[in-house]
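Thanks for coming. I will take a few minutes to walk through one structure, starting with how its strands sit against each other.

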Amino acid sequence: MDKLILVEWVDAMDQENGWVTQEKAIKADVMTVISVGFLINENENIVTIIGDKDKNPNEDSEVGRVTTIPKGCIKNIKVLCVDCNCNNQ
């Protein structure tokens, strides 16, 4: 069964390279990200989604745009579609 989800999560944000003032470094923050994809794996630690998949999948099908997100970074998950098999013409 395919489940299309939207994940809102917090990611680390890197500062510019080189020297910066402490004031600028202190003002640094994280970035809230929104990712959409097909849920392929979830356990107590992570959620993995894919952005691209074979329309007619089998065991050896390849997938693309794989994103694995630590559960501690996830703020919200919204199910957009359940059983989105993409075989509707």
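Glu42 stands opposite Val47 in β3. This is a predicted model, so please hear every value that follows as computed from the prediction. The two strands around that pair, β2 and β3, form a hairpin with three residues between them. They run antiparallel, and their pairing covers four bridges.

On to the other partner of β2. Strand β2 covers residues 31-42, and β1 pairs with this strand in the antiparallel sense over eight bridges. To find one position along that pairing, look at Leu4, which stands opposite Phe38 in β2.

Staying with Phe38 for a moment: the charged end of Lys53 sits over the ring of Phe38, and the distance to the ring centre is 4.9 Å. As for rings paired with rings, the structure holds zero aromatic pairs.

Next, the core. Which residues make up the largest nonpolar core? There are eight of them: Ile5, Val7, Trp9, Val33, Val47, Ile49, Ile69 and Ile74. Two elements give two or more residues each to this core, namely β1, residues 3-11, and β3, residues 46-53. The largest share is three residues, and that share comes from β1. As background, nonpolar side chains in soluble globular proteins tend to be buried together.

Let me take three residues in a row of interest here, beginning with Val47, one of the eight core residues. If we set aside neighbours within four places in sequence, what is Val47 in contact with? The list is Ile5, Leu39, Asn41, Glu42, Thr67, Thr68, Ile69, Lys71, Ile74 and Ile77. Please keep Glu42 and Lys71 from that list in mind.

Then there is Thr48, found in strand β3. Is Thr48 buried or exposed? Its relative accessible area is 7%, and the cut-off for buried is under 20%, so Thr48 counts as buried. Beyond its neighbours within four places in sequence, Thr48 is in contact with Phe38, Leu39, Ile40, Asn41, Val66, Thr67 and Thr68.

The third is Ile50, also in strand β3. Ile50 is buried, because its relative accessibility is 2%. Not counting residues up to four places away in sequence, Ile50 touches Gly37, Phe38, Ile40, Val63, Gly64, Arg65 and Val66. For a sense of distance, Ile50 and Val36 are 14 residues apart in sequence, and their C-alpha atoms are 8.3 Å apart in space.

Arg65 appeared among the residues touched by Ile50, and Arg65 has a point of its own. The phi angle of Arg65 is near 55 degrees, which is a positive value in a residue other than glycine. Arg65 is placed in strand β4. With a relative accessible area of 58%, Arg65 is exposed.

Now the charged pairs. How many salt bridges does the structure hold? The number is four, and I will go through some of them. In general, side chains of opposite charge can pair when their charged atoms come close.

One is between Glu42 and Lys71, with 3.0 Å from N to O. Glu42 lies in strand β2 and Lys71 in the loop between β4, residues 63-70, and β5, so the pair ties together parts that are 29 residues apart in sequence. Both ends have some access to the outside: Glu42 is partly exposed at 43% relative accessible area, and Lys71 is partly exposed at 30%. These are the two residues I asked you to keep in mind as contacts of Val47.

Another salt bridge joins the side chains of Lys75 and Glu8, at 3.9 Å from N to O. This pair links distant parts of the chain, with Lys75 in strand β5, residues 74-82, and Glu8 in strand β1, 67 residues apart. Glu8 is partly exposed, with 26% relative accessibility.

A further one is formed by the side chains of Glu23 and Lys27, at 3.3 Å from N to O. Glu23 and Lys27 are each exposed.

Last, the helix. Helix α1 covers residues 22-26 and includes Ile26. Is Ile26 buried or exposed? The relative accessibility of Ile26 is 68%, and the cut-off for exposed is over 50%, so Ile26 counts as exposed. Measuring nothing, only computing from C-alpha to C-alpha, Ile26 and Asp11 are 17 Å apart in space and 15 residues apart in sequence.

That is where I will stop.

Conventions: Residues numbered from 1 in each chain as written. Predicted model: local features only at pLDDT ≥ 70, side-chain atom pairs only at ≥ 80, totals over all residues. Heavy atoms only, no water. Core = buried A, V, L, I, M, F, W, Y, C linked by side-chain atoms within 4.5 Å. Buried < 20%, exposed > 50% of the residue type's maximum accessible area, 1.4 Å probe, protein only. Contact = heavy atoms within 4.5 Å. Pairing = 2+ DSSP bridges. Phe/Tyr/Trp six-rings, centres within 6.5 Å; stacked < 30°, edge-to-face > 60°. Lys NZ or Arg CZ within 6 Å of the ring centre and 35° of its normal.
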